[in-house]
Amino acid sequence: MHTGSRDRLHLSKLEAFRVWARAQGYREEAPRGFYEVLRLRKDKDAPLLFWWHHGGDHVTTDARSEPLVSAWLRSRRRA
């Protein structure tokens, strides 16, 4: 089972990603647990989860979050 990616979203870019995701219609929910740093949901879909393993400088994403992260990266290249 694919668990996501550990190196596509740098911790320093998390706030910019969060703002962009809100503009795409995602709402932010309170993170749960020690490692979860971002939880996004659109409509009634399952939440998209993002974790930070303290000490690293990248955020780990779950597999369902990958298309959203890819779209954000593409939008940054076009800007």
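Aspartate 43 is placed in the loop between E3 and E4. In this predicted model, the phi angle of aspartate 43 is near 55°, a positive value in a residue other than glycine. With a relative accessible area of 60%, the residue is exposed, since the threshold for that class is over 50%. The loop belongs to the hairpin of E3 and E4, in which 6 residues lie between the strands.

The two strands joined by this hairpin, E3 and E4 (residues 48-51), pair in the antiparallel sense over 4 bridges. Within this pairing, leucine 38 has phenylalanine 50 of E4 as its bridge partner. Strand E3 is also paired with strand E2 (residues 27-29), again in an antiparallel arrangement, through 3 bridges. Here the bridge partner of glutamate 29 is arginine 39 in E3. E2 and E3 likewise form a hairpin with 6 residues between them, and in its turn glycine 33 adopts a positive phi of about 85°. Strand E3 (residues 36-41) thus has bridges to E2 and to E4. Of its 6 residues, 5 are buried, so the strand is largely enclosed by the rest of the structure.

Phenylalanine 50, located in strand E4, has a relative accessibility of 0% and therefore counts as buried, the limit for that class being under 20%. Beyond its neighbours within four places in sequence, phenylalanine 50 is in contact with Leu9, Phe17, Tyr35, Glu36, Val37, Leu38, Leu40, Val59, Thr60, Thr61, Ser65 and Val69. Among these contacts is Leu38, the residue to which phenylalanine 50 is bridged in the E3-E4 pairing. The C-alpha atom of phenylalanine 50 is separated by 6.6 Å from that of aspartate 62, although the two residues are 12 residues apart along the chain.

Arginine 64 is found in the loop between strand E5 (58-61) and helix H2 (66-78). Its relative accessible area is 45%, and the residue is accordingly classed as partly exposed. When neighbours within four places in sequence are left aside, the contacts of arginine 64 are with Ala46, Pro47 and Leu48. For leucine 48, which is 16 residues from arginine 64 along the chain, the separation of the two C-alpha atoms is 6.5 Å.

At the level of the whole chain, the model contains 2 helices and 5 strands, and the order of elements from the N terminus is β-α-β-β-β-β-α. The radius of gyration is 12 Å, close to the 12 Å given by the globule rule for 79 residues, so the chain is as compact as a globular protein of that length. The C-alpha trace spans about 30 × 30 × 25 Å along its principal axes. Of the 79 residues, 38% are buried. Among contacts with a separation of 6 or more, 38% are accounted for by residues 24 or more positions apart.

The accessible surface of the chain comes to about 5,100 Å², and carbon and sulfur atoms contribute 53% of that area. The chain carries 16 positive and 10 negative side chains, with the centres of the two sets lying 4 Å apart.

Key. Residues are numbered from 1 along each chain as its sequence is written. This is a predicted model: local features need pLDDT of at least 70, side-chain atom pairs count only at pLDDT 80 or more; totals for chains, interfaces and linings use all residues. Side-chain values use heavy atoms; hydrogens and water are left out. Buried means under 20% relative accessible area, exposed over 50%, partly exposed in between (1.4 Å probe, protein chains only). Two strands pair if DSSP finds at least two bridges between them. Contact means heavy atoms within 4.5 Å. The radius of gyration is taken over C-alpha atoms; the globule rule is 2.2 Å times the number of residues to the power 0.38. Accessible areas come from the Shrake-Rupley method with a 1.4 Å probe; for residues, only the protein chains shown count as cover. Lys and Arg count as positive and Asp and Glu as negative; His and the chain ends are not counted. The place of a charge is taken as NZ of Lys, CZ of Arg, CG of Asp or CD of Glu.
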